[in-house]
Amino acid sequence: AGAPGELRGRCGGAAPAGAAGAAAPRCGAPFACRIPVAGKGSAMWYVVHVSTGREAAACRLIEERVDPSLLDECFVPRRSVAHRVGDEWQAAEEPLFPGYLIVDTAQPRRLRAALDRLPDFARLLDVDGEFLPLDDEEIAWINAFTRRGHRVVDMSHAVVEGGVVRIVDGPLVGREAQVKRINRRKRRAVLELQILGRTVEVPVGLEILRKQR
């Protein structure tokens, strides 16, 4: 077990500091070794590992320095949360997957070569030299909670009725089955999802508005 929301690198490789990893079905790797193959010229989403805390800066650098023809989109999935500072709660945004960003490209090998020329550390995740695109279900999950131009899982809100938490607005409405547990004190709901062949837990913001009898 490890930190939620974190992924791992190539088969048999170690994750960056603080990364979580569960055993994979084969290869001894943190990913199942399934390699979807993109058709020629078809864009797919790939995961890029960067220094934790440098996700947004790395994404800006990629957009500034990489040939635009190699990229359809570069983004850092984020979550809207609340942190307690003294007696007040303050809104903030955090990376959904610390240390990672996503690129949409039809040319992963040319993109990797471009990333290798950047001063910031960034690399496409791969298994034995084969790049790992997200599959359709994983892309659909991210698109269900975010959209292009706003890749943020917004805060959801809930009420407590008869001891049961009922989500009343926000991206979690209708997706309660994905909630594994709720931490009322930290205003978080922990989701469970499959990404790159493994199960990860991802905290997102959930504010309890009131209690009802």
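Is Cys 74 buried or exposed, and what is its relative accessible area? In this structure, which I should say at once is a predicted model, Cys 74 is buried, with a relative accessible area of 8%. Cys 59 is buried as well, and for that residue the relative accessible area is 6%. As for disulfides, the structure holds 0 of them.

Let me turn to helix H2, which runs over residues 108-116 and in which Pro 108, Leu 111, Ala 114 and Leu 115 are buried. These four residues cover an arc of only 115° around the axis, and therefore they lie on the same side of H2. The general background is that an α-helix has 3.6 residues a turn, so residues three or four places apart point the same way. If you ask what covers the buried residues of H2, the answer includes helix H1 (55-65) together with the strands S1 (44-50), S5 (100-105), S6 (122-124) and S8 (130-131).

Now to the nonpolar cores. The largest of them has 29 residues, and within that set Leu 134, Leu 172 and Val 204 touch the most other members. Two or more residues are given to this core by each of S1, S5, helix H3 (136-145), strand S13 (188-195) and strand S14 (198-212). A second, separate core has 22 residues, among them Val 48, Val 50, Ala 58 and Leu 124.

Finally, I would like to look at Leu 172 in its own right: if we leave aside its neighbours within four places in sequence, Leu 172 is in contact with Phe 145, Ser 156, Ile 167, Val 179, Ala 189, Leu 191, Val 204 and Leu 206.

Conventions:
Residues numbered from 1 in each chain as written. Predicted model: local features only at pLDDT ≥ 70, side-chain atom pairs only at ≥ 80, totals over all residues. Heavy atoms only, no water. Buried < 20%, exposed > 50% of the residue type's maximum accessible area, 1.4 Å probe, protein only. Arc of directions from axis to C-beta. Contact = heavy atoms within 4.5 Å. Core = buried A, V, L, I, M, F, W, Y, C linked by side-chain atoms within 4.5 Å. Disulfide = S-S within 2.5 Å.
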